[in-house]
Amino acid sequence: MKQFSEMQENIAEHAIAETIFLSGNAATGKTTAALAYLKTLRATGVSGNSIMILVPQRSLGIVYQDFLAKLGDFNGGIVQINTQSGLAQRMIRLFWPIIAYQTPFANPRLSPLFLNLETSQYYLDKICQPFFEKGYFESVHLEPPRILTQILDNLNKSALVGFPYQEISERLKSAWNLAPGHMHAYDEAQEVADEFRHFCYQHNLLDFSLQIEILQKYLWPSLLCKQHLQNQFRYIIYDNCEEDTASIHDIMLEWLPKTSGGLVIFDEDAGFRTFLGADPISAQRLKSVCNFVHTLSEPFLPRENMETVSNVLNAALSGERINHISGTFKHSFSHQYDDFYPKMIESVAEKVNELVSNGIKPAEIAILAPYVSDALRFQIQQQLSKHGIELAFHRPSRSLREEPVTHVLLTWAKIAHPEWGLIPTHFDLRQALTYTLQGLDPIRADLLTRVVFQSKKEFWLNKIFSVRMEVQERISHYISEKYQELLEWLITYRENPVDLDIFLARFFGEILTQPGFAFKDNFHAAEVTSKLIDSIQNFRQGWLQRNPLQIINISQEYITTLEAGVIAALYLQSWDKPPENAVYLSPAYTFLMQNRTVQYQFWIDIGSLGWWQRLLQPLTQPYVLSRNWLPGQKWTDFNEYETNQANLRRLCAGLIKRCESGLFLHYSGYNESGGEDRGPLLKAVQKILRFTFTDQEIKDV
Amino acid sequence: MKHFLNFSFSQMKLQDYIECERRFELKYILQQAWPALRSEPVILIEKQMQLGKQFHLLAQQLFSGIPESDIAQQIDDINLLEWWQNFLPFALPLTKNDHYPEYKLSGRINNSPFIAVFDLLVITKENQFIIYDWKTSQKKQTRSELKEKIQSRLYPLLLAQAGKYIRRDAPAQPDSIEMVYWFTNYPNEPETFQYSENQYEIDIEYFTNLLNEISHKFESGFEKTENLRRCKFCQYRSYCERGDQAGLSEAVNEELWAEQIENLDIMQIGEIEF
Ligand code: SF4
């Protein structure tokens with residue numbers, strides 16, 4: 001069981017009967033104090049059922065989940081870990097009958113249908129089509145899926161910040177400071193958002209923004225709902241409140257004074273999720289309703305050198321003079337330049353290997369980049385595997401479209417349903433055969449495709465036995481037989497076709513995982529198939545309940561929409577802790593949201609502007625659509641520059657606080673796509689190097 | 001029991017273990033996704049599960065203080081309406097007692113953590129603790145089948161253990177606990193099982209032995225079931241090389257729904273990330 005400091009134990013004791021606002025930098029032991037609080041509550045006999053842990057996003061709850069699992073039972077109850085959206089969904093489901101009649105939904109009698117990101121994008125895309133045809137959004141030069149996400153983002157911001165969705169465009173326009181021609185794009189986005197909202201009202205569809213709005217406007221004000229929550233949860237731990245939104249802070253402002261005890265944790269110098277509505281200024285309001293305010297300032301573990309690294313880097317980024325740097329600085333701060341990107345990756349892997357050879361556990365090493373592409377992941381994996389080191393990586397979500405297994409499954413689905421008219425290509429079939437028939441290499445798969453694919457016929461596959469014997473021999477008799485088995489299964493299936501997800505589940509169990517077929521014992525394929533089936537099932541079940549677009553064939557609709565890139569079939573990757581024996585690769589911001597510390601961090605490609613610049617979002621603006629923006633004020637280049645600078649400083653400080661022993665900075669003359677980058681992070685590092693290292697040490701920089 | 005760190009037992013997990021050790025291992029220990037069909041006909045089963053889920057929500061709403069007339073307005077399925085009408089005369093009198101819908105419970109047996117979610121817990125004025133479980137399957141299980149279910153043994157046991165946290169002044173004793181199954185399709189034939197001190201002792205021993213047995217399986221291996229019929233209704237059929245097609249189920253397996261409830265409640269954290 002974890003050891004706690006006297007200070008943490010004291011805080012825990014106090015929070016039994018008081019509410020405490022606990023602030024401090026990262027790694028000062030705030031979350032550990034919350035764990036001490038849980039331990040104390042348990043020792044005091046409080047049932048887990050009366051405790052709620054609120055976190056801004058799922059990853060931040062893992063540390064609690066692990067701790068609770070180790071405790072086992074909690075005085076007969078189960079502690080609930082919630083996010084704002086989780087809370088909203090639970091409450092809407094339960095209390096819909098009493099609030100539905102107050103809402104603008106056309107049919108309050110009907111239960112609501114929750115939309116996830118995929119289904120929201122799907123319906124929004126349908127709403128958008130006539131607007132696209134009229135030439136809307138031509139001026140912003142964006143792919144449709146990015147237009148859709150920004151429109152949804154605007155609606156979400158209106159709910160999370162708490163302003164009417166009808167005001168989105170006015171707010172954005174009033175802050176716009178560049179060419180006036182762009183303003184009509186905001187109006188277009190508003191028009192589509194209005195139309196989408198109207199559509200949701202007509203059909204009882206609840207996208208994320210509506211879920212939040214209903215929680216704020218109807219559920220929380222309802223006495224029954226409020227009492228339900230307040231009576232159930234007498235103790236609250238609210239961690240990383242600075243990463244949460246103003247609307248949930250509003251609720252907590254009322255709720256906290258009604259609890260028996262609680263701990264609100266505020267991470268200073270954070271608020272990394274601004275683009276998702278995080279509002280650290282609003283979170284500060286919670287201080288006023290807590291009985292005590294306490295600040296932790298000492299790092300939980302001694303890390304003097306890293307403090308120096310943080311201060312020096314902060315000074316360099318702020319354009320301040322760098323004064324004296326202690327002699328041990330270089331032990332915790334090293335850099336490496338390589339001419340080319342692949343060479344940089346090689347150097348990273350070599351350094352990692354050096355650390356591991358010196359006894360550092362791989363899990364104590366994180367490699368961080370502004371973005372992690374598949375190509376980057378692949379290259380790092382390759383280089384580390386040369387040293388026998390495993391890599392774990394995390395991206396918050398992953399698209400099933402990118403998985404070859406998905407492509408294979410959908411090819412078979414198209415072949416099994418020729419009536420859909422979705423003819424696969426020669427390449428599709430060759431790939432499907434290679435992935436399906438065990439032992440079939442791409443060359444023989446190509447041959448097989450040439451002899452059995454008949455795209456002009458009513459059914460696109462031919463029997464293998466009608467093919468010349470020598471060809472069958474080249475393919476091998478065993479594989480020919482397996483092909484024939486597959487074909488016969490498809491022909492029998494044709495007599496009684498079913499919905500796509502059911503087809504895939506049957507095909508998976510009855511063919512793909514049978515002896516001689518390649519999904520047998522292929523756990524990755526099973527995983528992807530499972531996620532794909534879930535995604536389709538979610539679509540179909542929603543369609544069965546509500547079919548506002550009068551879609552006749554949902555299976556066909558799913559495939560065409562997925563292939564058009566409108567829905568990404570994104571699935572959230574599990575937020576489990578990375579394995580102990582692997583080095584961890586992740587985007588820098590994602591790492592921050594995991595609330596974990598490692599001994600060594602590698603920041604790669606530090607010349608990239610990605611460390612500094614925010615994503616280009618011409619239809620939305622997270623800083624303007626916030627409570628902290630004065631309506632009417634203009635967003636200038638200066639604001640943009642200052643915000644990027646402040647974000648970079650905060651990002652660097654946040655990362656270094658999560659690093660115990662040393663920082664390795666890597667950069668190359670040419671980036672991943674062959675360009676030359678000299679972003680502000682690199683410039684700041686160069687400044688430090690000129691001050692600390694000899695010319696010999698910084699050659700080529 | 002070092003193997004069970006980070007792992008809570010539930011009635012569903014143990015029921016799976018009893019039916020097939022290998023399934024228990026694949027599903028809960030290895031957490032191996034295997035998306036083959038469990039049983040056919042899928043759409044019919046899905047529809048019944050959907051109705052079961054809706055019914056449980058309606059019941060939870062009723063016991064959460066939502067007026068029955070507001071709840072009834074949402075019902076747009078004739079079967080569900082019939083269940084609801086069957087339910088009200090049974091349920092309404094229960095609201096006069098202390099009642100806790102979807103009550104979550106945790107406990108320990110032989111130092112291993114356990115969890116349970118009761119559809120409803122009622123505490124009468126006479127300090128009787130009654131666990132209610134709504135069954136929406138078409139076929140009613142016999143009394144002896146119900147008695148043998150892990151659920152019938154585990155729920156009262158956990159309540160007896162956790163009772164002191166629910167009513168500090170008058171904690172639940174085994175003799176004051178009852179488990180009631182109520183059937184939407186057989187509204188007048190609820191099955192009641194009175195718990196007792198004696199049964200509590202027997203059950204503690206039973207679960208302790210079961211846990212020890214499971215613990216040993218980590219060394220000796222989790223065996224596939226010998227009852228091949230079970231494989232017909234198991235998604236790992238092809239993995240275990242126990243056939244290809246899913247069995248035709250005459251009645252919807254109530255366990256599927258129970259599993260969904262457990263997953264929903266125990267996963268705990270909100271589903272949608274913005
Ligand atoms: S297929 Fe049969 S042996 Fe395999 S896990 Fe399922 S029930 Fe057990």
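Me: Buried means under 20% relative accessible area, exposed over 50%, partly exposed in between (1.4 Å probe, protein chains only). At 13% relative accessibility, how does B:Glu40 count?

Reply: This is a predicted model: local features need pLDDT of at least 70, side-chain atom pairs pLDDT 80 or more, while totals for chains, interfaces and linings use all residues. Residues are numbered from 1 along each chain, chains are lettered from A and ligands numbered from 1 as written, and side-chain values use heavy atoms without hydrogens or water. B:Glu40 has 13% relative accessibility, so the residue counts as buried.

Me: Which residue forms a salt bridge (Lys or Arg side-chain nitrogen within 4 Å of an Asp or Glu carboxyl oxygen) with B:Glu40?

Reply: B:Glu40 lies in strand S1 (residues 39-40) of chain B, and its partner in helix H22 (residues 500-512) of chain A, so the pair joins two chains. The partner has 18% relative accessibility and therefore counts as buried. The closest N and O atoms are 2.8 Å apart, and the partner is A:Arg506.

Me: How many salt bridges does the rule find across the interface of chain B and chain A?

Reply: B:Arg108 and A:Asp73 meet in a salt bridge at 2.8 Å, N to O. A search of the whole structure finds 43 over all chains. Across the interface of chain B and chain A, the count is four.

Me: What area is buried (accessible area lost on joining, 1.4 Å probe, summed over both) between chain B and chain A?

Reply: Chain B gives 51 residues to the contact (heavy atoms within 4.5 Å), and chain A gives 72. Carbon and sulfur atoms give 55% of the buried area, which is about 5100 Å².

Me: How many residues apart in sequence are the parts that A:Asp267 and A:Lys30 tie together?

Reply: The two residues form a salt bridge, with the closest N and O atoms 3.4 Å apart. Both are buried. A:Asp267 lies in strand S7 (residues 261-267) of chain A and A:Lys30 in helix H2 (residues 30-44) of chain A, so the separation of the tied parts is 237 residues.

Me: Is A:Ser222 buried or exposed?

Reply: A:Ser222 sits in the loop between helix H9 (208-219) and helix H10 (223-232) of chain A (DSSP runs: helices H or I, at least four residues; strands E, at least two; numbered from the N terminus). Beyond neighbours within four places in sequence, A:Ser222 is in contact with A:Ile98 and A:Ile99. Its relative accessibility is 13%, so A:Ser222 counts as buried.

Key. Buried area is the accessible area (1.4 Å probe) that two parts lose on being put together, summed over both.
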